[in-house]
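I opened this model with a fresh notebook page beside me. Here is what I looked up, in the order I went.

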Amino acid sequence: MKRSVAILSSAVLVVALMTGCGGKAEEAKQDSKTPANQTDGGNQAANDPLVQFPKLTLPYTADQKAVIVEYQGGTVTGNEFEEFLRVINFMNPQQGTMIEMADSNSLKAFAREYTATKVLASRSDDAMKKESKELAEKTFEKIKTQYMGFLGKDEAQFNKLMEGQGVTKDMIVNQMDLINQSINVMKKNIDDATLKQTYDQMDKASRTVASVRHILISTEKRTPEEALKISNDLVARLKKGEDFAKLATEFTDDPGSKESGGLYENADVTQWVPEFKEASLTQKVGEVGPPVKTDFGYHIIKVENRKEKTFDEMKEQLRASSLEKAYDAFAKNELDKLITKFNIPQSKNDAPAKK
C-alpha cells in the first residue's frame, strides 16, 4: 500500500478532500439501493446534501479496548484504529472507499501505517508539537470551509455531518496533529542545503517542464504504414497553417488530450515514454516536428513552451520526495522491528477459506 497519510501534509489532505467528494456524491446519487432512493425516486441526494457523504462502514468488528497492534513502547487500541480510519474517510472520501473494501491484509497495512505515525510522532520535541497542533487547527478550519461549500454554508449541517460520520473536531485535529508531528520529525534532517544538493545532481530532463500539443495516430487498429501516412498528411496540413487544436480534437486517438486540443500543459517531461520525452526536450519550440513513433503509434508533436524549473520552484516537490524516502527508510529499517504483534480483526471482505 502506498503511504497515504503521514507523508501527506495537511494542505495536501485538504486538496484530497476537494477531489474526493465529487466521487462520493456521484455514488450517492447513483446508488438505487439507499432507503432515500427507494422512497423518493432518487431525489433525496439533491434535497439533502448530507446524502453525498455516507458514513464509513467498517469491514470488521472489534472491541474498542482490544489491542490491534503491540509495539515497543505502546499499543494501538480498537478505538484508536477506528478513529484513525473514520478521520481518513472524513478528510479523503476516496480513502474511505478503500477502507470499506479492505481485506484483513489491507487492514493490517492501515494499522501498520497508523503505528508508524504514532511512533514517529512520539519523537517530536515541544517546538514540533506546538507547530503541529497549530497547523492542525488551521487545517480543520480549511476542511470545514470546504465542506460548508457543499452544504450551503450551513454550520448546523456541518455539525450534523460530523455526527453522522462518527467524528468530532477533537478527533480530527488530534489525528492531523499526529500526522503533522510525524512529518516534522522526518523533515528535521531535510534542510534546504540537502535539497539543493539533490537538485544540482538531477539531470536536465528531470528539471524540465513543457507544454506540448500532440496528435496520436494509433497503430492499434491500423497498420504502421497507414498510421504513418495519416500522420504525414496531418503534418503537411499543419505546416500549411491549419489549426493544431482543431485537428487534434478531430483526429487524435489519445483520449487524455482530445478535449484540450491535444495539449499537455506544463508537464514534467520525465512522465512520458522515451521517444516522446526526447522530442519534447529537443524539438524547436513552436515548430511541428516529423511523426514520432512509440509503442502507441505515431505522434505529431508541437512544443509550445519549455523551461527548466529553478530550485525554488522544485524545492517543495523535492522535499515531498525526500519525505517519501525518509519514511521508506524508517519502515524498512525500524518499524517492523518495533512492532511485536498484530491482532487484526477478520474482514468481511476476506476470500472464503478453501475446503
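The entries below go through the ground rules, two sheets, a helix pair, the cores and some backbone angles.

**Ground rules**

I am reading a predicted model, where local features need pLDDT of at least 70, side-chain atom pairs count only at pLDDT 80 or more, and totals for chains, interfaces and linings use all residues. Residues are numbered from 1 along each chain as its sequence is written, and side-chain values use heavy atoms, with hydrogens and water left out.

I take helices (H or I, at least four residues) and strands (E, at least two) as DSSP runs numbered from the N terminus. Strands pair if DSSP finds at least two bridges between them. Contact means heavy atoms within 4.5 Å. For angles, I use axes fitted to C-alpha atoms, over the stretch in contact for helices, and read 0 to 180 degrees between N-to-C directions.

**Entry: the three-stranded sheet**

I found an open sheet of three strands, ordered β2-β1-β7 and paired antiparallel. At its edges I see β2 (74–77) and β7 (339–342), each paired on one side only. From one strand to the next, the twist averages 20 degrees. I counted four bridges between the antiparallel β1 and β2; E70 has T75 as its bridge partner in β2.

Which helices cover this sheet? I see α4 packing on it, with contacts to β1 and β2 and a direction about 65 degrees from that of β2. I also see α6 lying across β1, β2 and β7, at about 50 degrees to β1.

**Entry: the four-stranded sheet**

My next stop was an open, antiparallel sheet of four strands in the order β4-β3-β6-β5. Because β4 (263–268) and β5 (292–294) are edge strands with a single partner each, one side of each has no neighbour in the sheet. Ignoring direction, I get an average turn of 40 degrees between neighbouring strands here.

β3 (residues 208–218) is joined to the antiparallel β4 by four bridges, and V212 has Y264 as its bridge partner in β4. Helix α11 (residues 224–239) lies across β3 and β6 (297–308), at about 45 degrees to β6.

**Entry: α7 against α8**

How do these two helices cross? Their axes come within 10 Å and cross at roughly 110 degrees. So I call α7 roughly perpendicular to α8 (65 to 115 degrees; under 35 is roughly parallel, over 145 roughly antiparallel, the rest oblique). F140, K144, Y147 and M148 of α7 meet E155, F158, L161 and M162 of α8.

**Entry: the cores**

I define a nonpolar core as buried Ala, Val, Leu, Ile, Met, Phe, Trp, Tyr and Cys residues joined through side-chain atoms within 4.5 Å; buried is under 20% relative accessible area, exposed over 50%, partly exposed in between (1.4 Å probe, protein chains only). The largest core has 58 residues, and F81, L85, F90, F158, L161, I172 and Y327 touch the most other members. α15 gives the most to this core, nine residues.

I looked closer at F81: beyond its neighbours within four places in sequence, I find contacts with Y60, I68, V76, L107, F110 and A111. Apart from that core lies another of twelve residues, including I215, A227, F244 and V288.

**Entry: positive phi**

K153 has phi near 60 degrees, a positive value in a residue other than glycine. I placed K153 in the loop between α7 and α8, and K153 is exposed, at 70% relative accessible area. N266, also not a glycine, has a positive phi near 45 degrees; I found N266 in strand β4.
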